[in-house]
Amino acid sequence: MNLGDHELLSRLADTVRSDIAPAVSDEYARTQAFMAAVILQRLAKQARLGAKHGAAEIGDVAALSHELDILFARADATTEVPSEVRDAAVRMRAQASIAAASDVIDALYQWGPEHPEAASALVAIRQMLRRDIDRRMDIAQ
C-alpha cells in the first residue's frame, strides 16, 4: 500500500488523537499529544493543498504582473513610473512569489500612493494578498 504524504499524516493524526492521547495518564503530556494531533492534521492539509496553492500563487503573480504592465504603460503617457517600481515588479515576476510583492509595495509607497497609477497598483496587490490569505486560512481551518 502506497500512501501519499497527506494521507500518511492524516492517519498519524487520527491515531494520535484517538488511540495515543487518551491513553496518556499525565494531563500535560495528554494535552501535548492532542496538540501534536492538531499539528499533524494541519500538515496533512498543507501537503494535500500545497501543489494547488503553489499553482494559484504563480497564477496570481502572473496576473498581477500583467495588470501592472498595463497600469505602467498607461502611466507612461502622463507620468514616468520610477525605475525602482519597475525593477521591483520585474523581480516579483521573475521570482513568481507573492512574498516578492513586498518590494513592489515599498517602491509604490516611496513613489507616492497619491499617484493614480500607484493607488491602482496597490489595490491590485491587496486583492492578490487577500486571495493568498484565503488560501492560508483554508489550511488553518
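This passage walks through the packing of the helices in a predicted model.

We can start with the main core. Nonpolar side chains in soluble globular proteins tend to be buried together. Here the largest nonpolar core holds 24 residues, and the ones with the most contacts inside it are Leu-64, Leu-68, Phe-72, Val-85, Met-92, Val-104 and Leu-108. Four helices feed into this core with at least two residues each: H2 (27-76), H3 (83-95), H4 (101-111) and H5 (116-140). A second core, separate from this one, has 6 residues, with Ala-13, Val-16, Ala-21 and Leu-40 among them.

Val-104 gives a handy view of how the main core is put together. Setting aside neighbours within four places in sequence, Val-104 touches Leu-68, Ala-88, Ala-89, Met-92 and Ile-125.

Next comes the pairing of H3 with H4. Their axes come within 8 Å and cross at roughly 170°. Since angles over 145 degrees count as roughly antiparallel, H3 and H4 are therefore roughly antiparallel to each other. On the H3 side, the contact is made by Glu-84, Val-85, Ala-88, Ala-89, Arg-91 and Met-92, while H4 brings in Ala-101, Asp-103, Val-104, Ala-107, Leu-108 and Trp-111. Sorted by class, that makes 9 nonpolar and 3 charged residues, with no polar ones.

The loop between these two helices, H3 and H4, contains Ala-96. Most residues other than glycine have a negative phi. Ala-96, however, has a phi near 50°, a positive value in a residue that is not glycine. With a relative accessible area of 27%, Ala-96 is partly exposed, because it falls between the 20% limit for buried and the 50% limit for exposed.

That leaves H5. With 25 residues at 1.5 Å a residue, H5 should span 36 Å, and its end C-alpha atoms are indeed 36 Å apart, so the two values agree. The buried residues of H5 are Glu-117, Ala-118, Ala-121, Leu-122, Ala-124, Ile-125, Met-128, Asp-132, Arg-135 and Ile-139. An α-helix has 3.6 residues a turn, so residues three or four places apart point the same way. Charged side chains turn up in the buried set too, including Glu-117, Asp-132 and Arg-135. Arg-131, also in H5, is instead partly exposed, at 36% relative accessibility. Arg-131 and Leu-8 are 123 residues apart along the chain, and their C-alpha atoms are separated by 28 Å.

How values were computed:
Residues numbered from 1 in each chain as written. Predicted model: local features only at pLDDT ≥ 70, side-chain atom pairs only at ≥ 80, totals over all residues. Heavy atoms only, no water. Core = buried A, V, L, I, M, F, W, Y, C linked by side-chain atoms within 4.5 Å. Buried < 20%, exposed > 50% of the residue type's maximum accessible area, 1.4 Å probe, protein only. Contact = heavy atoms within 4.5 Å. Expected span 1.5 Å × (residues − 1). Axes fitted to C-alpha atoms, helices over the stretch in contact; angles between N-to-C directions. Parallel < 35°, antiparallel > 145°, perpendicular 65-115°, else oblique.
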